[in-house]
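Let's take a friendly stroll through one protein model, stopping at its rings, its charges and one of its sheets. Have a look at the picture first, then read on.

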Amino acid sequence: QVQLVESGGGLVQPGGSLRLSCAASGFSRDYYGIGWFREAPGKEREGVSCITSSDDNTYYADSVKGRFTISRDNAKNTVYLQMNSLKPEDTAVYYCATDCLDDLSVVGSWGLGTQVTVSS
């Protein structure tokens, strides 16, 4: 059974950095990609970034381009999200998920999320 576990969230000041990790296990097939999504209080869940499994192509929401970087370590079955120059509007619960697409939609499995809070 597929399992995704997020970690690395926390409280940081504006302009600070965090690195999120998504550890995956239990796959029965190769996935198109694994990505990051977020849900802020009172807002709908939105796509943040996706990295494909076959060629490591990456995709980013306009709101995070130039600040966030997605990467993967296949040997560890882990996907990372490096978040720099954080803003208060980045505050949300961040989730990873399988089978993200280039439009940042997703059709696969989800983790339980990790809280990111950006505040002074």
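R19 lies over the face of Y80, at 3.9 Å from the ring centre. Keep in mind that this is a predicted model. A second arginine does something along those lines: the charged end of R45 sits over the ring of W110, 4.6 Å from its centre.

W110 is worth a longer stop. Searching the whole structure turns up 2 aromatic pairs, shown here:

| Pair | Centre to centre | Angle between planes | Kind |
|---|---|---|---|
| F37 and W110 | 5.1 Å | 65 degrees | edge-to-face |
| Y95 and W110 | 6.4 Å | 85 degrees | edge-to-face |

Since F37 is in strand 4 and W110 is in the loop between strand 9 and strand 10, their pair ties together parts 73 residues apart in sequence. Y95, in strand 9, is 15 residues from W110. Ring pairs join F37, Y95 and W110 into a cluster. How buried or exposed are these rings' residues? F37 is buried at 3% relative accessibility, Y95 is buried too at 13%, and W110 is partly exposed at 34%.

Next, D90, found in the loop between strand 8 and strand 9. D90 is buried, with just 1% relative accessible area. Its side chain makes a polar contact of 2.8 Å with the side chain of R67. Among the residues D90 touches are R38, F68 and V116.

Finally, the sheet. 4 strands make an open, antiparallel sheet in the order 1-3-8-7. Strand 1 and strand 7 are the edge strands, each pairing on one side only, and the twist averages 15 degrees from one strand to the next. Strand 1 and strand 3 pair over 5 bridges, and Q3 stands opposite S25 in strand 3.

Methods: Residues numbered from 1 in each chain as written. Predicted model: local features only at pLDDT ≥ 70, side-chain atom pairs only at ≥ 80, totals over all residues. Heavy atoms only, no water. Helix = DSSP H or I, 4+ residues; strand = E, 2+ residues; numbered from the N terminus. Buried < 20%, exposed > 50% of the residue type's maximum accessible area, 1.4 Å probe, protein only. Polar contact = N/O pair within 3.5 Å; in protein donor to acceptor, adjacent residues only side chain to side chain. Contact = heavy atoms within 4.5 Å. Pairing = 2+ DSSP bridges. Axes fitted to C-alpha atoms, helices over the stretch in contact; angles between N-to-C directions. Phe/Tyr/Trp six-rings, centres within 6.5 Å; stacked < 30°, edge-to-face > 60°. Lys NZ or Arg CZ within 6 Å of the ring centre and 35° of its normal. Lists of a residue's contacts leave out its neighbours within four places in sequence.
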